[in-house]
Structures are given as C-alpha cells and as structure tokens.
Amino acid sequence: MKRALIIRHHEAETMGAYFRAILEGRGFQFVECNIFESAPEYDRFDPPPLGDLDLVMAFGGPMSVNDDLPALHAEREYMREALAVGKPVFGVCLGAQMMATALGGRVEPSGGYQFGLRKIHVTAEGDADPVFGAVTTPLVPTLHGECFTIPDRAIKLAEAHILCRDGRYRRINMAFRYGPSYAFQFEPQLTLDELRVWDRVFSGDYNLMGDAFVPREESARNLREFTKFAPEHQRQMAALLEAFILNAGL
C-alpha cells in the first residue's frame with residue numbers, strides 16, 4: 001500500500017472528493033497531519049518520517065507562510081528535506097507557497113485578493129509539461145492574497161494578472177515545477193460542494209478584494225460561474241492528477 005501525507009491548515013480546506021477517489025483507486029493510504037488542530041498557537045507538526053511516505057500533499061489555509069508559527073517553521077523544514085531527496089510533493093495555495101520558500105523563493109502580499117475563477121496564462125514550458133499540459137482550459141478557482149517568486153532551478157508553468165487595491169494590475173506567478181514536484185497558486189482539488197462551504201466560512205475574504213468589488217455580488221458570481229465550470233474543472237484537474245502520479249512513478 002502506498003502512503004500519502006495530507007497536510008491541512010484549515011478544517012474547511014480538504015483534499016477534495018474526486019482527488020481522494022483517484023488516489024484511492026491508485027492504491028494510496030492517507031496519513032493526515034492537521035495543523036489547524038493546534039490553533040491558535042499552531043505549535044504542532046508531527047508527520048511520519050519521509051522514508052515511510054510515497055507522496056506529500058499540502059493544501060491551503062488562512063495564515064501566511066511568513067507568520068512566525070512553530071508548525072509552519074517545522075513544515076518548511078520537512079518540505080525542504082522532501083524536495084531535496086526528490087520525494088514528490090503536490091502543493092496547493094499555502095502549500096505551494098511553503099514549497100517556494102523551502103526552495104529559497106519569497107512570498108509577499110500581491111497587493112490584491114482573488115476569490116473566484118481567474119484566467120491563467122500558461123507558459124510554453126507549462127503547455128509542454130507532461131503534467132501541467134493537462135490544463136487545456138486556462139481558467140482556475142482561486143483564493144489567495146499573496147504570491148510567490150519562482151525558486152532557482154524551478155520551471156514556471158503559469159502566471160496571471162491580479163487587480164490590486166490601488167487600481168493597477170500586477171502579473172503574478174501561478175504554478176511551478178521542481179523535479180517531480182508541483183506548486184499551484186490555485187485550487188486544482190476544489191469541488192462545487194467545497195466551494196459552497198468556503199463561500200460561507202471565508203465570506204469575509206470577499207471584503208479583501210478592494211473597493212472595486214462588491215462582496216455580495218462577488219459571492220453570487222463565484223457560485224454561479226463555478227457551478228457551470230465545475231465539470232470542466234474536475235475533468236482537466238483529474239487528468240492533471242493522473243499525469244502527476246504517472247510522471248512521479250507512483
């Protein structure tokens with residue numbers, strides 16, 4: 001039985017039902033490390049030894065990767081070791097930012113906030129990538145206010161524009177590859193059911209988008225648009241995960 005470590009930073013942010021089904025179908029057993037269980041101190045990170053794992057998956061959360069929290073410091077060191085030995089890592093949102101900083105990159109406020117579907121610009125390398133090339137419709141669900149630099153020896157796969165609160169647009173990185181590992185500043189695992197939970201639990205995040213957005217309207221638009229797009233999102237992200245597993249030799 002193969003073993004995948006699932007690192008979660010918030011109770012509402014999960015691996016997603018169809019990701020779980022794909023991995024279970026591939027013979028994976030899950031080991032969960034729920035950092036949110038030690039809130040508000042966030043002082044506990046107790047994963048198994050890397051040698052006991054085949055895959056590390058880290059998902060999002062409301063804290064910043066730059067917060068001075070013991071669990072995040074320990075997670076970064078664990079991630080750094082995993083990446084150094086070539087253990088496949090699949091990082092989403094905060095998990096992607098953790099990968100970036102573990103590899104020597106930086107994470108900083110983007111100047112804006114995204115909560116909803118956004119167009120991404122896939123690079124030539126991303127289009128040719130054996131995993132990221134599964135993204136044939138460059139539209140993804142997002143929930144973030146920070147962005148990462150591309151670490152040395154990593155390959156940029158996608159970028160996007162974000163509308164900053166001061167009215168200007170800024171280009172930010174959205175995905176990179178490092179060996180067999182991938183980092184995503186969007187939510188490949190997201191399901192419609194999970195978005196409905198996020199829309200309630202993280203409703204205050206719509207206020208972070210700036211004066212150009214009306215929170216009530218953004219919430220309605222987010223739910224309406226993703227309801228239509230969810231089948232296509234699930235199709236291409238299921239293909240992405242399958243390609244990731246194959247490419248990593250899992």
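In the predicted model, buried residues account for 58% of the 250 residues of the protein chain. The secondary structure of the chain consists of six helices and ten strands.

The overall dimensions were examined next. Along the principal axes, the C-alpha atoms of the protein chain occupy a box of roughly 50 × 40 × 35 Å. The radius of gyration of the chain is 17 Å, and this agrees with a compact globule, because a globule of 250 residues would have a value near 18 Å. Contacts within the protein chain were also counted by separation in sequence. Of the contacts between residues at least 6 apart in sequence, 77% join residues at least 24 apart.

The surface and the charges were then considered. About 10500 Å² of the protein chain is exposed, and 49% of this area is supplied by carbon and sulfur atoms. The charged side chains comprise 26 positive and 34 negative ones. The centre of the positive set and the centre of the negative set lie 5 Å apart.

One residue, Gln236, was examined individually. Gln236 belongs to helix α6, which spans residues 215–247. The relative accessibility of Gln236 is 0%, so this residue counts as buried, the limit for that class being under 20%. When residues up to four places away in sequence are left aside, Gln236 touches Ala134, Val135, Thr136, Thr137, Leu139 and Phe229. Among these contacts, Phe229 also falls within the residue range of helix α6.

Key:
Residues numbered from 1 in each chain as written. Predicted model: local features only at pLDDT ≥ 70, side-chain atom pairs only at ≥ 80, totals over all residues. Heavy atoms only, no water. Helix = DSSP H or I, 4+ residues; strand = E, 2+ residues; numbered from the N terminus. Rg over C-alpha atoms; globule rule 2.2 N^0.38 Å. Buried < 20%, exposed > 50% of the residue type's maximum accessible area, 1.4 Å probe, protein only. Contact = heavy atoms within 4.5 Å. Areas by Shrake-Rupley, 256 points an atom, 1.4 Å probe, with all protein chains shown as cover. Lys, Arg positive; Asp, Glu negative; His and termini not counted. Charge placed at Lys NZ, Arg CZ, Asp CG, Glu CD.
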